[in-house]
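Here are a few notes to read alongside the model, written for a colleague who likes to check each point in the viewer. Please have the structure open as you go.

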Amino acid sequence: MREREGGFSGPLDFPDDSNGYEEAAEVFLRARNPAIGAATVLEWSKRLAPGSAVLDLGCGHGVPISRVLTEQGCRVYGVDASARLIAEFRKRFPEAHAEHAPVERSEFFRRPFGAAVAWGLLFLLPAETQKAVIGRVARALRPGGAFLFTSPREAVTWADALTGRISISLGRDGYEQSLRAEGFTLTGEQIDEGDNYYYFAIKGQASDVR
């Protein structure tokens, strides 16, 4: 919660559920490289069933992640806590489902999905919220459903380059433990051309994937 001048924080102040990305939305729209992550998500999406419903958590303006998924024939459900970014998402993808909400409180979790993606999102959230989101994804995915997310392999904290806010990676072991606790199997890891570290998981055992 931001402080007013004089250090007083009163009832008219509200927490920023976008973790600073509403304020930085215009900079983000200009700075986001539309190539970074596209090839990795494309290869992942090719393993999904045709027409899969995919939940894009922290979708932003949808480029390139939702764009790739849409071009592959997926039915995309995008949720983002930034009003500016979700408005841009709706303009770019009028046929997609869109929700302006913090991802951990998304109403989309009430319906089933074949896959979910959280690109550049989880580490923006507090550690316990990250674990809660992983749990909500697990409950929303059908058996054998796929989950892709990015976060550094190391357990580390740092200041987000765009917002200056603290980001938290649970680290490879921490994420695997959280995934396993929610019934996921970690099936792979990868790093892309932008040095983003990917985790690939499925709901259930590897033998559940068809």
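The points below take the strands first, then one helix residue, then the largest pocket.

1. A word on the source: this is a predicted model. Please keep that in mind through the points that follow.

2. Let's start with strand β2 (residues 75–80), which pairs with strand β3 (residues 97–100) in the parallel sense over 4 bridges. To find the register in your viewer, look for Val79, which stands opposite Glu99 in β3. Asp80 is another handy marker, with His100 in β3 as its bridge partner.

3. β2 also pairs with β1, again in the parallel sense, here over 5 bridges. A residue pair to look at is Asp56, which stands opposite Gly78 in β2. So how many residues of β2 are buried? The count is 5 of its 6 residues, and the strand is mostly covered.

4. Now for the connections. β1, helix α3 (residues 65–71) and β2 make a right-handed β-α-β unit. β2 then takes part in a further right-handed β-α-β unit, made with α4 and β3. If you colour by element, β2 will show up in the unit with α3 as well as in the unit with α4.

5. Is Glu88 buried or exposed? This residue is found in helix α4 (residues 83–92). Its relative accessibility is 10%, and because buried means under 20%, Glu88 counts as buried. Leaving aside neighbours within four places in sequence, Glu88 is in contact with Leu29 and His61. These contacts are worth displaying when you look at this glutamate.

6. Finally, the largest pocket, which holds about 920 Å³ of space. Of the 47 residues that line the largest pocket, those closest to its centre are Tyr21, Phe28, Trp119, Gly120 and Phe123. The elements that give two or more residues to this lining are α1 (25–31), β1 (53–57) and β6 (155–159). That brings back β1, the strand that pairs with β2.

7. What is the make-up of the pocket lining by class? There are 25 nonpolar residues in the lining of the largest pocket, along with 13 polar and 9 charged ones.

Technical notes. Residues are numbered from 1 along each chain as its sequence is written. This is a predicted model: local features need pLDDT of at least 70, side-chain atom pairs count only at pLDDT 80 or more; totals for chains, interfaces and linings use all residues. Side-chain values use heavy atoms; hydrogens and water are left out. Buried means under 20% relative accessible area, exposed over 50%, partly exposed in between (1.4 Å probe, protein chains only). Contact means heavy atoms within 4.5 Å. On a 1 Å grid over the protein atoms alone, a cavity is a set of points where a 1.4 Å probe fits but cannot get out, and a pocket is an open set with protein on both sides within 12 Å along at least five of seven lines; lining residues have an atom within 4 Å of a point. Grid points are joined across faces, edges and corners, and a volume is the space filled by probe spheres set on the points. Ala, Val, Leu, Ile, Met, Phe, Trp, Tyr, Cys and Pro count as nonpolar, Asp, Glu, Lys and Arg as charged, and the others, Gly among them, as polar. Two strands pair if DSSP finds at least two bridges between them. A crossover is right-handed if, with the strands pointing away from the viewer, the path from the first strand over the helix to the second runs clockwise.
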